[in-house]
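Please take a moment to look over the sequence and the fold before reading on, and keep both in view. The paragraphs below go from single pairs of side chains to a sheet, a helix and the cores.

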Amino acid sequence: MVTPADNPQPPPSDHPKPPSPVRKLVVEVVEARDLLPKDGQGSSSSYVVVDFDGQKKRTSTVQRDLNPVWNEVLDFIVTDPNGMEFEELNVEVFNDKKLSNGNARKNHFLGRVKLYGTQFVRRGEEGLVYFSLEKKSVFSWIRGELGLKIYYYDEIPEEEPQGPPQEQQPPQQEPPQPVDEVMKKPVVVVYEELPPMPYPGHVPMEGLGHSPPLVRVHEAPPESRPPMDNGPPMVFSPDMKRMQMGDGAVGPMSGERIKVLRRPANGDHSPKIIDGKFAGDTSGRIPAYDLVEPMQYLFVRIVKARGLSPNENPLVKIRTSAHSVVSKPAITRPGVGDQSANPEWQQVFALGYNKDATANSTLEISVWDGASDKFLGGVCFDLSDVQVRDPPDSSLAPQWYHLESGTAADDQNRVTGDLQLSVWIGTQADDAFPESWSSDAPQPFVSYTRAKVYQSPKLWYLRVTVIEAQDLHIIPNLPPLTAPEIRVKGQLGFQSVRTRRGSMSHNTSTFHWNEDLIFVAGEPLEDSLILLMEDRTGKDPVLLGHVLIPVGSIEQRIDERHLPAKWFGLEGGPGGSGSYCGRLHLRMCLEGGYHVLDEAAHVCSDFRPTAKQLWKPAVGILELGILGARGLLPMKSKGNGKGSTDAFCVAKYGKKWVRTKTVVDSFDPRWNEQYTWQVYDPCTVLTVAVFDNWRMFTEGGEEKPDYRVGKVRIRVSTLESNKVYMNSYPLMVLLRTGLKKMGEIELAVRFACPSLLPDTCGVYGQPLLPRMHYLRPLGVAQQEALRGAATKMVAAWLARSEPPLGPEVVRYMLDADSHSWSMRKSKANWFRIVGVLSWAVGLAKWLDHIRRWRNPVTTILVHVLYLVLVWYPDLVVPTGFLYIFLIGVWYYRFRPKVPAGMDIQLSQAGTVDPDELDEEFDTFPSSRSPDVIRARYDRLRILAARVQTVLGDFATQGERVQALVSWRDPRASKLFLGVCLAITIILYVVPPKMVTVALGFFFLRHPMFRDPMPPASLSFFRRLPSLSDRLL
């Protein structure tokens, strides 16, 4: 029998530990293009110097070539693989002074490339990337590109015979060497390792790659706590008899909660600052995990047991004064003998803990036989002595505790065995919290209530260029003058694209297309591309053959380089499976230089290309604290006229999705979870939405989609740097019955980044999308179709997770229906245009007031200012920019203090017509009756007629301008040309300043000198002819 002591430590092994792998970074310098001539003879003799982690190497020199080719491989040892993402790789190109014309004193600088560890990929994923050479200073003149292949791999070094340990000698200093000397071995230098960047509010569940340490956030010193014992003392109380009597009453989860505000008055839909929590002043030190309220939990980790009494199905019951939970059945291990005597659970429980309410309570952990409800023993702990664990601490080691019965038992009911467990008090920042079981979660559906982090799949654009086809078996005996209609249809998963009609060569069976078919492919690239050759000359299409190509075998491209085309033989034609059906000429590639849009462009959260080698370093960190919600409406019926809501929150930014735990049966749920994202572009949008959990009640394969409660979008660029925004946002949902407020959500957001540094401000001057979007742009309709396919692929990927994110959640977060027709959205866009043009209308009204002398003092001042600007024209431009600057300073006092949420008035959702809402939620094609569709069509015709009239008016004004010199109206053209000649003579004779003053004063003349009728120039313009009279 094993004694209830701790496991003895194993003796030290004589076998040496296996050698740790060594990571190597490989930089393959391929070529350079279009370098500057620097040798005085119209060329350059260039070489490349690569510096990484204190190791510097160089290539050979290519003489007198502006497009040098090296194809040399330089490898470097990564001293710290865990910190590789923080390292910089500097690649510089120089002109060798030894081969230059004349006596050059130094090697001329031809450009450099700076990369970061986040852009490195593993061996096998690398590709040739051409980086634009950058300047070293503002006055440098640099041009050209440098082609590099960069990857890393891990190798296990060969074991060396063990010898006596040698003392480490400090590295000897070597004499300095010239830059142009070829270094055969890496130079090892002593460098100071950067400390790891503290991420405020870092949740252990998040697996993220980080960029170079651009943001420094200080953590507050930890609170001083009284010293604790190594483990909680065991207390064998006489209350152990109660454990054999069954479970007691169970209360709701009790955690320390923060005070919340009451629900505001109806009709107020604007974000509100949470009183007493607006942390606008960030002058102090920012503690870790400071955006949410810490909630204490009692954690119990049940590992395994040994030497239990005879039983069939051992279970563990945990009970406190407010909670009672039961473990899952023991884990079955194949090949193990008596598993009932030595069961294993490996399960963690998180119970709500309130220090004041449970100061003198006990924690009872007992083992029972689930089949016969037999008591197998238990352990008690005093909660006042349980150890408190802070997030930086390591996990608490489990210990063996002897099971006690608490009463005198006979031989038949004798309690034996030990239970291995650990007990501690922590918060939601504990690394065991994400996988823990809560006391309020429904046991059959625990996995649907846990907090999880998801990652979107890596998506590629698959470009298939259909060039031509030869030797096709065309159906004979076609009617005279009838050309066969041959098309190529491509299928990838659920995507299907067809080419246009092929052009046929004379007297041959060769067809040409030169057309691109673009699909969305998702990793792991296991699908196959199917190309069908169809003859659509007759009524029914005839299959002439097909080609099956695995997507994983297609070459990846991350720039615009030309790829060779290949011939593929057609199979499965009308002649049978073994006959020759012709061949198809294709050029295919996986485009890594594009960003695959899965969101609407105006609410996109990421613009990075697919290829990791092209990623720029992060400019900051976005931190989100999901505090809770309040005033939620009931979504389910519990019976007896009562409702319930099981709410969870989903946040999406970039490729990372987060899902909070589900708070069961609460109208005011408190999540208090904090997450972080890396920000690569501040001009992006964070989306947060609340849903009611229905999937956790799915039974027998029945599909119950989650119900949306509302969402909030926050643009990162509207957040000031290093400032905490803690606000309450209304949750609004637009239903068929109208707009409905579902409650409010409390969020805390902080964008931690260097304020106004070159890396942050330089993003605003860079193109929004990757380079390939401008070199080979995609059409608007094609882009929208690809976005729909990407949305479906992301939804299918996340639906395979546990717990799944349903398609309804993904589509709602990604705004999949943003392109659909809506009368409400059309009105909203129209009023947005009116709002944009309102400044011009305001300026016109102000000028009209000046002309009419509504305020004589202002009009006189405008006359004086006009005289000054006319007499000193060089002051016009600076005065205009000064005026814009003053306007910006004036509006600074009216800047928004809170990140804006969803605007009800802007969305035209408050006064929308019910029939328009029904049309907006209608399916495509429509499912309504013909009478309803006819009425909506007539309404759309009326609206289109108004738009048609406005477009015709714009065209008329432009045609009248053209008619001035087109001689369509000879008299009007003669009058206009005569006036132009007269103005020319006057301007040659009279000084232009005098003419400008006269025109300005004439425009600003007093109303007593004005004619109420339109001026002659306007009447002349309105009489000019247009082409509207020639329309049918």
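With which residue does R33 form a salt bridge, and how far apart are the closest N and O atoms? In this predicted model, the partner of R33 is E145, and the closest N and O atoms of the two lie 2.7 Å apart. R33 belongs to strand β1 (residues 22–33) and E145 to strand β9 (residues 145–155), so the pair ties together parts that are 112 residues apart in sequence. R33 has a relative accessibility of 30% and therefore counts as partly exposed, whereas E145, at 15%, counts as buried. Behind such pairs stands a general idea: side chains of opposite charge can pair when their charged atoms come close.

The structure holds 41 salt bridges, and a few others deserve a careful look. The side chains of R713 and D815 meet in one of them, with 2.3 Å from N to O. Because R713 lies in strand β38 while D815 lies in the loop between α4 and α5 (823–836), this pair ties together parts that are 102 residues apart in sequence. D815 is buried, with a relative accessible area of 10%. Another salt bridge joins the side chains of K741 and E744, at 3.2 Å from N to O. K741 is buried, its relative accessible area being 12%, and E744 is buried as well, with a relative accessible area of 2%. Elsewhere, R463, D516, R557, E591 and R776 are joined into one network by salt bridges that share partners.

Strand β38, the home of R713, leads us to a sheet. This open sheet has five strands, which follow one another in the order β20-β35-β34-β37-β38 and pair in the antiparallel sense. Which strands stand at the edges of the sheet? They are β20 (452–455) and β38 (707–715), and each has a single partner strand, so one side of each is left without a neighbour in the sheet. From one strand to the next, the twist averages 20°. Within the sheet, strand β34 (residues 647–653) and strand β35 (residues 656–659) pair in the antiparallel sense over four bridges. V650, for example, has R659 in β35 as its bridge partner.

Across this sheet lies a helix. Helix α4 (residues 807–814) lies across β34, β35, β37 (685–692) and β38, and runs at about 145° to β37. Which residues of α4 are buried? They are V809, V810, Y812, M813 and L814, and these buried residues pack against β34, β35, β37, β38, β39 and α3 (780–799). The residue that follows α4 is D815, whose phi is positive, near 55°; this is the D815 that forms the salt bridge with R713.

We can now turn to the nonpolar interior. The largest nonpolar core has 39 residues, of which L622, L624, W677 and I745 touch the most other members. At least two residues of this core are supplied by each of β31 (620–630), β34, β36 (670–679), β37, β38, β39 (724–735) and β40 (738–752). To see what surrounds one of these residues, consider L622: leaving aside residues up to four places away in sequence, L622 touches Y653, Y675, T676, W677, V679, L686, V716, L719, V749 and R750. A second, separate core consists of 35 residues, among them L35, M84, V91 and F94.

A glycine offers another view of a buried place. G490 lies in strand β22 (residues 486–492), and with a relative accessibility of 0% it counts as buried. Which residues does G490 touch, if those up to four places away in sequence are not counted? The contacts of G490 are Q495, S496, V497, L517, F519, I530 and L531. For L517, the distance to G490 is 27 residues in sequence but 7.5 Å in space, taken from C-alpha to C-alpha.

Finally, consider the cysteines and the bonds that they might form. In general, a disulfide is a covalent bond between the sulfur atoms of two cysteines. How many disulfides does the structure hold? The number is zero. Two cysteines can still be described by their surroundings: C581 counts as buried because its relative accessibility is 1%, and C753, with a relative accessible area of 2%, is buried too.

How values were computed:
Residues are numbered from 1 along each chain as its sequence is written. This is a predicted model: local features need pLDDT of at least 70, side-chain atom pairs count only at pLDDT 80 or more; totals for chains, interfaces and linings use all residues. Side-chain values use heavy atoms; hydrogens and water are left out. A disulfide is a pair of cysteine sulfur atoms within 2.5 Å. Buried means under 20% relative accessible area, exposed over 50%, partly exposed in between (1.4 Å probe, protein chains only). Two strands pair if DSSP finds at least two bridges between them. Axes are lines fitted to C-alpha atoms, for helices over the stretch in contact, and angles run from 0 to 180 degrees between N-to-C directions. Contact means heavy atoms within 4.5 Å. A nonpolar core is a set of buried Ala, Val, Leu, Ile, Met, Phe, Trp, Tyr and Cys residues joined through side-chain atoms within 4.5 Å. A salt bridge is a side-chain nitrogen of Lys or Arg within 4 Å of a carboxyl oxygen of Asp or Glu.
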